[in-house]
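Me: I'm new to this one and would rather see a single part properly than skim everything. Pick a spot and walk me through it, along with whatever sits around it.

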Amino acid sequence: MDASKKRKNQQQVLAILSELRRKKGLAQAEVAQFFDVRRETVSEWENGRTYPQPEKRDSFIRYFLDMLDLKDQPNLFAEVWETVAVDIWEYRPLSKSEHKKLFSIEAAESVKSQPENSSYFWLGAAAVAIILLAGGWLLGRDDNTIDPLGIFDITSNTGNSYQPADTPLQLNSTVYTDRNFFFVEVPESLEGASYIITANGDKRQGSKEEDIFELKFNISRAAAVCIGYDRRFEVDERPNWLDAFMIQDGGATALKFSPPSGDFTTTLHIYCRDYPAGEVILGPNMTPEVEDVDNKTMYAVIIQ
């Protein structure tokens, strides 16, 4: 298997981490606090850009059992542990004695009943996890179902068109509803994310003192909302509402887009913030301090 295909397969499996986290209503910042790492590190783990250190093995056991509440679901725990922690992160598999300590006697006996050489069991568990995940299901439609991210009720007080994208964020995705631009560079951490096609006609919003701009939308579950913001803005030209968002990798993580001609490329730095399910309100694109108003572009909105 070539490297790119292997990485894509790993990302499909790792997606279960963010889905389980969101199902429990946990933000990446909460997970980061549990592991005493940066929020960006959690994002990198979930996207496969980096792997957690071997010494965090015991912490991940507690995380899966307690924070993700898998202590009463030994089969699901086994699938996640083997497909993610063992197969991708190369953690040591759990022994039968560890299972006995972690789960009830009944659950431990269920694991113990597997053949001594349990490779076939784990292979089957991995296949089941991947198939269920690819189909958008997790152990059937019950209380463990992972709800897909829904973006709805998008409105702006200018009346310009904002639309949820029909396809995930990727190369050649549409940037604006009113301009013919396409993304030509998408960071791995944002590939496959949901996003809103914004209106570049609102790029001047905030340039006048009397401007009162709001972009509102609802999300169906907890998620990280990320803003792709034109890197040409100076610090004092950025709107106050963006202060609540954290720039990713010091600006190293960026989106880029161009017109079909490719005559120029615009770079957007990425700022992210965790939101619970419900309404999200974003503000204007700039402040009255902006001097070269026309040489700037409207922000992008990515949700993952």
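Reply: Helices (H or I, at least four residues) and strands (E, at least two) are DSSP runs, numbered from the N terminus. This is a predicted model, where local features need pLDDT of at least 70 and side-chain atom pairs count only at pLDDT 80 or more, while totals for chains, interfaces and linings use all residues. Residues are numbered from 1 along each chain as its sequence is written, and side-chain values use heavy atoms, with hydrogens and water left out.

My pick is the loop between H5 and H6, which is where Glu90 lies. H5 covers residues 74–86 and H6 covers 96–102. Most residues other than glycine have a negative phi. Glu90 isn't a glycine, yet its phi is positive, about 65°. With a relative accessible area of 70%, Glu90 is exposed (buried means under 20%, exposed over 50%, partly exposed in between, using a 1.4 Å probe and protein chains only).

Move on to Tyr91 and the setting changes, since Tyr91 is buried, as is Phe60. That brings us to the rings: the whole structure holds 27 aromatic pairs (rings of Phe, Tyr and Trp, its six-membered ring, pair if their centres lie within 6.5 Å; planes under 30 degrees apart count as stacked, over 60 as edge-to-face and the rest as tilted). One of them joins Phe60 to Tyr91, edge-to-face, with 6.4 Å from centre to centre and 65° between the planes. Phe60 belongs to helix H4 (residues 57–67) and Tyr91 to our loop, so this pair ties together parts that are 31 residues apart in sequence.

The two rings have company, too. Ring pairs link Phe60 and Tyr91 into a cluster with Phe34, Phe35, Trp45, Tyr63, Phe64, Phe77, Trp81 and Trp89. Let's visit the helices that some of these come from.

Begin with H5, which leads into the loop. H5 is mostly covered, with 12 of its 13 residues buried. Phe77 and Trp81 are among the buried ones, and so are Pro74, Leu76 and Val86.

Next is H3 (residues 39–47), also mostly covered: nine of its nine residues are buried. Trp45 is one of them, and the list also includes charged-looking names such as Arg39, Glu40 and Glu44. Right after H3 comes Gly48, with a positive phi near 80°.

Then there's H2 (residues 28–35), where Gln28, Val31, Ala32 and Phe35 are buried. Looking down the axis of H2, those buried residues fall within an arc of 100° (taken from the directions from the helix axis to the C-beta atoms), so they line one face of the helix. After H2 you reach Asp36, whose phi is positive, near 60°.

How do H2 and H4 sit against each other? Two packed helices are described by the angle between their axes and the distance between the axes. Here the axes of H2 and H4 come within 11 Å and cross at roughly 135° (axes are lines fitted to C-alpha atoms, for helices over the stretch in contact, with angles from 0 to 180 degrees between N-to-C directions). That makes H2 oblique to H4 (under 35 degrees is roughly parallel, over 145 roughly antiparallel, 65 to 115 roughly perpendicular, the rest oblique). The crossing is right-handed, meaning the near helix is turned clockwise from the far one by less than a right angle, whereas anticlockwise would be left-handed.

One more stop on this side is Leu70, in the loop between H4 and H5. Leu70 counts as buried at 2% relative accessibility. Its C-alpha atom is separated by 9.8 Å from that of Leu20, although the two residues are 50 apart along the chain.

For something to hold our loop up against, try the one between strand E2 (163–164) and strand E3 (182–185), where Asn172 lies. Asn172 is another residue other than glycine with a positive phi, near 75°, and at 58% relative accessibility it counts as exposed. As for rings, Tyr176 and Phe181 form an edge-to-face pair, 6.2 Å centre to centre with 80° between the planes. Tyr176 is buried, with a relative accessible area of 2%, and Phe181 is buried at 6%.
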